[in-house]
Amino acid sequence: MIYRLLIPLLGLVLAACNGSGGSGLSADTGNARETLALEADAPDPYDYLNGLRRSAGMTPFTQELALAVASWNHARYLDANNVLGHQELAGEPGFTGAYVPDRIVSAGYHTRWAGEVIADGQSPVHALDLLMSAIYHRLTILDPAMDRVGISFFDSPTGADFLVANFSNSLVNDLCREPQHEEPGITGQCNPDIALPVEAFGRAKVEIALRNPAVIVWPPENATNIPPAFFDEEPDPLPDYAVSGYPISVQFNSARLDSWSVSALRLYDVAAQAYVSATRFLDSASDPNGVLRENEFALFPLQRLEWGRQYRVELEYVIDGVPQIKVWYFATRDLGGEVKTIGDNDSMLHVANNATSYLYFTPADGFASLSAYRYVYPQTAQLEFTYVDHNTIALSVQGMPGDRIVLEFADGRVLTLVVDESGRV
């Protein structure tokens, strides 16, 4: 028999930030253009991010070197200090600014008006998918008033890979580059600090936002390959759940609308021919962290969605006094093979020989995520385990019918997989 130990990828941390404040510091621009560590055939993260924006009907971001420099500097700081978050501490290795406004002006940008998202992912695309599954991060990426971005993916030798993306508004940045305004205005938005005329500052944000739709929803209409689950975010919008379904979000563009409200937001499982009944609706009043703004709304299915399933979203809302209804469909990711669902009480399962089986462990009390496990199998068999998400693993097996693979989990659970030509359950 052969023994192997496998520890799934756990401990995902996401961080999102919008805001300004702090002081400008010297920039580290030594690696200004060395912002990505990618395989040769990997999608470009800027293209992938802009594809997400376009699918929501939004204008794409334009790359901004200073924002990329700031994101790269912060990614290196996170790696050097083995931390994950938005704040940097003066005196620590790689320090370039306490918060994102400080870091972008230290990198040569002129405005301090900025947003930032951070993820620890296996690749830039994986990290961006994780960010879009996390509601606060998603809303930062889909902010209609942002039109500039800088992205860095730090492929650390230690194995902690960081994606950092910084966002800003080009017209606000241009205002900060104009000669100092004499009339009283808004301060704290530029470096060096000058008073921006209130109307001009407002127009700069509105002009960018007017280029985007009045109502922005995610997942977008006819989207495919949507992950079925949401696991964690900092801060956590569902602090009482370790895992839930992929959230639905609605943003109303205040540059285009005077008033808005949501009357109903529902999710329908097409295959089950039933509404998803266990959900939680969040708005600015019910958000436990007070992050959602008055124009942002979210619906969380409290249980994971199914792999490879079509869903319908029904939104009833009122904009500028006119009732509206929007209905659209999206589909969760199809793994391309049979998904075998494993409950808490299941101890034996048949898997197909010379094929890939997807083992989905239903979240339950004490088993919200896969724990570390080891597996025992005969020398006649060849196995490959691949992590899919916190509840799902892929198993490719070549062996003899009747071979047994025993999975022993750190939480004491034991599952026996029997190799069978038909792959019957």
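Glu316 is partly exposed in this predicted model, with a relative accessible area of 28%, and its side chain meets that of Arg266 in a salt bridge whose N to O distance is 2.8 Å. Because Glu316 belongs to strand E16 and Arg266 to strand E12, this contact ties together parts of the chain that are 50 residues apart in sequence. Salt bridges that share partners extend the picture further, joining Arg266, Arg312, Glu314 and Glu316 into one network.

Within that network, Arg266 also forms a salt bridge with Glu314, and here the closest N and O atoms are 3.1 Å apart. Glu314 lies in strand E16, which spans residues 310-319, while Arg266 lies in strand E12, residues 260-269, so this pair links parts separated by 48 residues in sequence. Is Glu314 buried or exposed? With a relative accessible area of 9%, Glu314 is buried, whereas Arg266, at 30%, is partly exposed.

The salt bridges of the model come to 19 by count, and another of them pairs the side chains of Asp129 and Arg333, with an N to O distance of 3.9 Å. Asp129 sits in helix H4 (residues 124-133), and Arg333 sits in the loop between strand E17 (322-332) and strand E18 (339-342), so that the pair ties together parts that are 204 residues apart in sequence. Arg333 is itself partly exposed, its relative accessible area being 22%. As a general matter, side chains of opposite charge can pair when their charged atoms come close.

A covalent link is found elsewhere in the chain, for a search of the whole structure finds one disulfide. Which residues form this disulfide? The partners are Cys176 and Cys190, whose sulfur atoms are 2.0 Å apart, and the link between Cys176 and Cys190 is left-handed, with -70° about the S-S bond. Cys176 is part of helix H6 (residues 170-177), and Cys190 is part of the loop between H6 and helix H7 (198-209), so the disulfide ties together parts that are 14 residues apart in sequence.

Where the surroundings of these two cysteines are concerned, Cys176 is buried, with a relative accessible area of 7%, and Cys190 likewise counts as buried, at 2% relative accessibility. Both values can be read against the limit for a buried residue, which is a relative accessible area under 20%.

Notes:
Residues are numbered from 1 along each chain as its sequence is written. This is a predicted model: local features need pLDDT of at least 70, side-chain atom pairs count only at pLDDT 80 or more; totals for chains, interfaces and linings use all residues. Side-chain values use heavy atoms; hydrogens and water are left out. A disulfide is a pair of cysteine sulfur atoms within 2.5 Å. Helices (H or I, at least four residues) and strands (E, at least two) are DSSP runs, numbered from the N terminus. Buried means under 20% relative accessible area, exposed over 50%, partly exposed in between (1.4 Å probe, protein chains only). A salt bridge is a side-chain nitrogen of Lys or Arg within 4 Å of a carboxyl oxygen of Asp or Glu.
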